[in-house]
Amino acid sequence: EYTLFYGVDGEITKHSDSFSANLRVKARLIDNTLAQVITNKTTDSAGDGRTAEQALEKAGRASGKAVVEPIITILQRHWMDMQQNGSPYIVVLDGVDNPEEIAKFTDWFEKYPRVNTAREVESGGGKTTFEATYRGKRDELDRDVLRTATMLNWKLKKIRAEGGRTTWKKQ
């Protein structure tokens, strides 16, 4: 799921027998699942016409096209990359900070076919945070986390899940 935020600013100039409009459109595409900016795009476009409305319409159409086409291209490329290589997810394990346990979890977890990469990004204070690139949905990732825990004779309880982040508590 994605959100496109945009803003439009501009000015209209009256000439003797026509109008001109200059518009600036700023757009930002957000991946809602990962809470990540995919791309930013800013364009400046001009249009003229017999009326202010005609000038604004021409400038608006030009700006819209200049913003949307590159964003669609980037979105398609981003989506294809996620399909081929996986999406980044964060897995937090509360109650796991022993280096040997962390290494064993990572080794077992990376054996699942949908796990492209898994790496420890933070540990301490009784918690370890992993970043996993996973070719699947978060609920599928959760099942592989639980399977890995079972292989290590751990019991995990899901504490929180939101977007691309899941927090587990080792029992």
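Q: In this predicted model, which residue of β3 is the bridge partner of Arg28?
A: Asn40 in β3 is the bridge partner of Arg28.

Q: What makes β2 and β3 count as paired strands?
A: Pairing needs at least two bridges between two strands. Strand β2 (residues 19–31) and β3 have 13 bridges. They therefore count as paired, and the sense is antiparallel.

Q: Why is one side of β1 and of β3 left without a neighbour in the sheet?
A: The open sheet has 3 strands, in the order β1-β2-β3, with antiparallel pairing. β1 (2–14) and β3 (36–49) stand at its edges. Each has a single partner strand, so one side has no neighbour in the sheet. On average, neighbouring strands are turned by 10 degrees against each other, direction ignored.

Q: Which strands does α1 lie across, and at what angle does it run to β3?
A: α1 lies across β1, β2 and β3. The angle to β3 is about 155 degrees. Angles here run from 0 to 180 degrees between N-to-C directions.

Q: How many residues line the largest pocket, and which are closest to its centre?
A: The largest pocket holds about 280 Å³ of space. It is lined by 16 residues. Closest to the centre are Met82, Gln83, Ser87, Tyr89 and Gly136.

Q: Which elements each supply at least two residues of that lining?
A: α1 (52–85) and β4 (87–94) each do so.

Q: What is the make-up of the lining by class?
A: The lining of the largest pocket has 7 nonpolar, 5 polar and 4 charged residues. Met and Tyr count as nonpolar, and Gly as polar. Met82 and Tyr89 are therefore nonpolar, while Gly136 is polar.

Methods. Residues numbered from 1 in each chain as written. Predicted model: local features only at pLDDT ≥ 70, side-chain atom pairs only at ≥ 80, totals over all residues. Heavy atoms only, no water. 1 Å grid on protein atoms, 1.4 Å probe; cavity = no way out; pocket = protein on both sides within 12 Å on 5 of 7 lines; lining within 4 Å. Points joined across faces, edges and corners; volume = space filled by probe spheres on them. Helix = DSSP H or I, 4+ residues; strand = E, 2+ residues; numbered from the N terminus. Contact = heavy atoms within 4.5 Å.
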